[in-house]
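Please read the following walk through the model with the coordinates open beside it, going from a hairpin to a long stretch of helix and then to the charged pairs.

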Amino acid sequence: MCHSLDQKASVGTTSGTGFVLDDSSSGNGYVWIKLNDLIVFSCYWSPNTTLAEYEIFLGDLDQAIRARGDTRLIFAGDFNAWNVEWSSRADNPRGELLSDLAVSLDLILSNVGDTPTFVRGEATSIIDVAFSRGVGVYVWSVLDELNLSDHAYITFSIDPRAPTRTLDGLKLTHHPVSTLAGLSRNLTVNLSTATSPQGPSPFDGMGKGEIPRSEQQSHSTTTFSNPSMPLRSPWPGGRSPMYWWSDHIADLRSTALSLRRTYQSLLRRHGPEGSAEAKANFATAIRDLRRAIQKSKEKGWWDLCAQIYINPWNQPYKLVMKKFGDGSSRPASKGCEQVIADHLFPAAPVTDSRLGPHARASG
């Protein structure tokens, strides 16, 4: 994980990612990392600063981006700027400056829709903005998930290749793996249930209790596809759960999320007075969720301490020796094993004992 100089913005990769961290740097309000040929900027600038300070921040960003050259990049963060281009209710000076910066750098806005990215009581806004250049950004969305923050989670898929290309005037768009997977499933169903105008129906000649040919084909396709194309991760979104996650915490989170939706709905329809009870229920659910997470973390810590006396060479040893890395350096070092070994274990110089120093005569 890399951080900005003021520790307000962060960016990093998760374990098991296929990206290799090649380089990184930071400044006040921003940090960037290089993943193969992709540059990712993460930014944050406080709303409690003057417009002049904001201009200095954008100027530093402009220099940092231009210094990377004409590279492919993702540029995102909480800029605390309003502009109708990303569905804000109105423009403000910060939003106009940020829009001008994006235009000067040939950045393409990635935000889609008008779902607020920031919610605090009755106040809502879209201040989390993403731009891109040279990469395709797809399925950009604001998640309606509880995260104990005023800011919502934002997800999107990227294709490191150019976002679009043309062939004889036909626009071709690259789609993320998730979209292709859904298309493949739909195509399988359509092919398995389709009938030829000259051919028989899948149900022709089918006796009572027999399985239609379409279902047999679908079952065969699934049987052969699962071993050859397994899921990337058994967990939703490809993310493994944290060590403190449990079914009890999942239930508390689901309850808190439901109460939050109820509170926000009543707040929009009846205002603060008509939603006071719902707000109190939501606050209680959040408090219970935080306490459960804290207790689970403490239990996980004591369980880790107990493993020191049971199996110290497993998880405790790996944590101390920092061997829980994501293995991102392995692809970069492939083929350089001999050079690395020679550097770590240099050959000893050849010595001739006849040229060694002579012992001095005593007395």
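In the hairpin made by strand 3 and strand 4, where two residues lie between the strands, G29 adopts a positive phi near 90°; this is a feature of a predicted model, and should be read as such. The two strands, covering residues 21–27 and residues 30–35, pair in the antiparallel sense over six bridges, and within that pairing S24 stands opposite I33 of strand 4. In a regular strand, side chains alternate between the two faces of the sheet.

Helix 6, which runs over residues 276–310, has 35 residues and reaches 51 Å from its first C-alpha to its last, close to the 51 Å expected at 1.5 Å a residue. Its buried residues include A278, F282, A285, I286, L289, I293, S296, G300 and L304, and what covers the buried residues of helix 6 includes helix 5 and helix 7. An α-helix has 3.6 residues a turn, so residues three or four places apart point the same way.

Helix 6 also holds a charged pair, for K299 forms a salt bridge with D303 in which the closest N and O atoms are 3.0 Å apart; both residues lie in this helix, four residues apart, or about one turn. K299 counts as exposed because its relative accessible area is 54%, whereas D303, at 36% relative accessibility, counts as partly exposed.

A pair with the spacing of about one turn is also found in helix 1 (residues 51–67), where D62 and R66 lie four residues apart and their side chains meet in a salt bridge at 2.9 Å, N to O. Here D62 counts as buried, because its relative accessibility is 18%, while R66 is partly exposed at 46%.

The salt bridge between D144 and R261, whose closest N and O atoms are 3.0 Å apart, links distant parts of the chain, with D144 in the loop between strand 11 and strand 12, R261 in helix 5, and their positions 117 residues apart. Both partners are partly exposed, D144 at 40% relative accessibility and R261 at 42%. In total, the count of salt bridges in the model comes to five.

On the surface, M242, Y243 and W245 form a nonpolar patch with about 360 Å² of accessible area together. Y243 is placed in the loop between helix 4 and helix 5, and this tyrosine counts as exposed because its relative accessible area is 56%.

Terms used: Residues numbered from 1 in each chain as written. Predicted model: local features only at pLDDT ≥ 70, side-chain atom pairs only at ≥ 80, totals over all residues. Heavy atoms only, no water. Pairing = 2+ DSSP bridges. Patch = residues over 30% accessible without salt bridge, like charges linked within 9 Å, V, L, I, M, F, W, Y side chains within 5 Å. Areas by Shrake-Rupley, 256 points an atom, 1.4 Å probe, with all protein chains shown as cover. Salt bridge = Lys/Arg side-chain N within 4 Å of Asp/Glu carboxyl O. Buried < 20%, exposed > 50% of the residue type's maximum accessible area, 1.4 Å probe, protein only. Expected span 1.5 Å × (residues − 1). Contact = heavy atoms within 4.5 Å.
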